[in-house]
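Trainee: Got a minute? I'd like to go through a structure with you and ask some quick questions.

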2 protein chains.
Amino acid sequence: MSTVLPTNRVDTIERLKSAGVTPTQQRVEIAQLLFARHQHVSAEQVLAMANAHSSVVSKATVYNTLGLFASKGLLREVIVDPTKVFYDSNTSEHHHFYNVDSGELMDIQGESVQLADLPELPAGTQAEGVDVIIRIKQTPNS
Amino acid sequence: MSTVLPTNRVDTIERLKSAGVTPTQQRVEIAQLLFARHQHVSAEQVLAMANAHSSVVSKATVYNTLGLFASKGLLREVIVDPTKVFYDSNTSEHHHFYNVDSGELMDIQGESVQLADLPELPAGTQAEGVDVIIRIKQTPNS
DNA sequence: GAGTAAATTAGACAAAGTCTAGAAATTCAC
DNA sequence: GTGAATTTCTAGACTTTGTCTAATTTACTC
């Protein structure tokens, strides 16, 4: 169930190739950051992480790369915050808690949420995916 | 189940008052447009609809009003498009199809989607709502 | 109707993301 | 290797959605 987490550059490059992505220096850099562990990050965060020490990737490349990775199934886009897109490095099927107070996004573990079954889709369409988001908020301490 | 659809100004004003919203001219104008039928609209669309003939509402007021209506439960925010927020004038509990090709948002009728039950929430939080979005795409005609 | 609070407004501003045109890598043929 | 073609990367201009500010207008209370 859980996605394999490569730890070294060689594994990362192999994973990119398997997904049909040419492993350029910038892409490997970003992939290393993202695939190190399951996390939810915005483009801005990736840009900051990648360039923390020295400048290695441009803004345009971060956006291009995240979009490319998502289209190849290496990342999952999560749309819950009206101001920015989150990218989830856990691509296995799962759903999310979204804390509307803190803006924090969390995976819902395991199979604890299941849809009975899909409703009939509009004619001429097919399902691409199902997102379940449980919006939560801080319980006001009485 | 279905939300009552007021047809005249008096009903609209009454509905705003019941929700604790002072019925100003601009708010009634926007409410009339939105509550006429179940629909999914963006702020930009509301602005265009309201000012189609003569200028009656400013951009800032449209944003303020939609936010206010949503906070009072008169509208439901739907976050599926990374570029803009949709407001749904159907506030009864239901879920959505989102056509990623056309950007179209559709209600899923009735109780055809049900969650078994909610997973355990993170400590100190409570559920605010559950969004289920089935992303669909055009079936490529073979 | 005067005073106060709430609502509206134009337009400046902010932030996420896209686009463009050129520079740098990479690939391939020879 | 050398040069041509292709892909990728880049800085920075640009677009779009949405927010903020400061001033004006409206509405409500006495």
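Trainee: What rotation superposes chain B on chain A?

Mentor: Keep in mind that this is a predicted model. A rotation of 180 degrees does it, with 0.0 Å of shift along the axis and an RMSD of 0.0 Å. The two copies are thus related as by a two-fold rotation axis.

Trainee: Which C-alpha of chain B is nearest the axis?

Mentor: That of B:Val132, which sits 2.3 Å from the axis.

Trainee: And why do the copies meet through the same surface?

Mentor: Because 100% of the interface residues of chain B are also interface residues in chain A.

Trainee: Okay, back up a bit. How many helices and strands does chain A have?

Mentor: Chain A has four helices and six strands. Going along the sequence, the pattern reads α-α-β-α-α-β-β-β-β-β. As for extent, the C-alpha trace of chain A spans about 45 × 45 × 25 Å along its principal axes.

Trainee: Now the DNA. Which residues come nearest to DNA strand C?

Mentor: There are 17 residues around DNA strand C, and the nearest are A:Lys59, A:Thr83, B:Thr24, B:Ser58 and B:Thr61. On the DNA side, sugar and phosphate make up 75% of the strand C atoms that come within 4 Å of the protein.

Trainee: What does B:Thr24 do there, in terms of atoms?

Mentor: One of the polar side-chain atoms of B:Thr24 lies 2.4 Å from a phosphate oxygen of DNA strand C. B:Val56 also has a phosphate oxygen of strand C beside it, at 3.2 Å, but there the protein partner is a polar backbone atom.

Trainee: And A:Thr83, which part of DNA strand C does its backbone N or O atom lie 3.4 Å from?

Mentor: A sugar or linking oxygen.

Trainee: Which elements supply the surface near DNA strand C?

Mentor: Both chains chip in. From chain A you get helix H3 (43–50), helix H4 (59–71) and strand E3 (84–88), and from chain B helix H2 (25–35) and helix H4 (59–71), with each of these supplying at least two residues. The largest share, three residues, comes from H4(A).

Trainee: How do the residues of that surface near DNA strand C divide?

Mentor: Seven are nonpolar, six polar and four charged.

Trainee: Let's switch to the other strand. Which residues are closest to DNA strand D?

Mentor: Of the 17 residues that surround DNA strand D, the closest are A:Thr24, A:Gln26, A:Thr61, B:Lys59 and B:Thr83.

Trainee: Any details on the chain A ones? Where do their side chains reach on DNA strand D?

Mentor: A:Thr24 places a polar side-chain atom 2.3 Å from a phosphate oxygen of DNA strand D. For A:Thr61, a side-chain N or O atom is 2.9 Å from a phosphate oxygen of the strand. A:Gln26 has a side-chain N or O atom 2.8 Å from a sugar or linking oxygen of DNA strand D.

Trainee: What about the bases of DNA strand D?

Mentor: They make up the rest once you take away sugar and phosphate, which account for 76% of the strand D atoms within 4 Å of the protein.

Trainee: Which element gives the most to the surface near DNA strand D?

Mentor: H4(B), with three residues. Others that supply at least two residues there include helix H2 (25–35) of chain A and strand E3 (84–88) of chain B. By class, the surface near DNA strand D has seven nonpolar, six polar and four charged residues.

Trainee: Last topic, cavities. How many of 30 Å³ or more turn up in the whole structure?

Mentor: Two. The largest cavity has a volume of about 50 Å³.

Trainee: What lines the largest cavity?

Mentor: B:Arg76, B:Val78, B:Ile79, B:His95, B:His96, B:Asp131, B:Val132 and B:Ile133. You'll recall B:Val132, whose C-alpha is the one in chain B nearest the axis. Strand E2 (76–81), strand E4 (95–99) and strand E6 (125–138) of chain B each supply at least two residues of this lining. Four lining residues are nonpolar, two polar and two charged.

Note on methods. Residues numbered from 1 in each chain as written. Chains lettered and ligands numbered in written order. Predicted model: local features only at pLDDT ≥ 70, side-chain atom pairs only at ≥ 80, totals over all residues. Heavy atoms only, no water. Near = heavy atom within 4 Å. Polar contact = N/O pair within 3.5 Å; in protein donor to acceptor, adjacent residues only side chain to side chain. Nonpolar A, V, L, I, M, F, W, Y, C, P; charged D, E, K, R; others polar. Least-squares fit on C-alpha atoms with pLDDT ≥ 70 in both. Contact = heavy atoms within 4.5 Å. 1 Å grid on protein atoms, 1.4 Å probe; cavity = no way out; pocket = protein on both sides within 12 Å on 5 of 7 lines; lining within 4 Å. Points joined across faces, edges and corners; volume = space filled by probe spheres on them.
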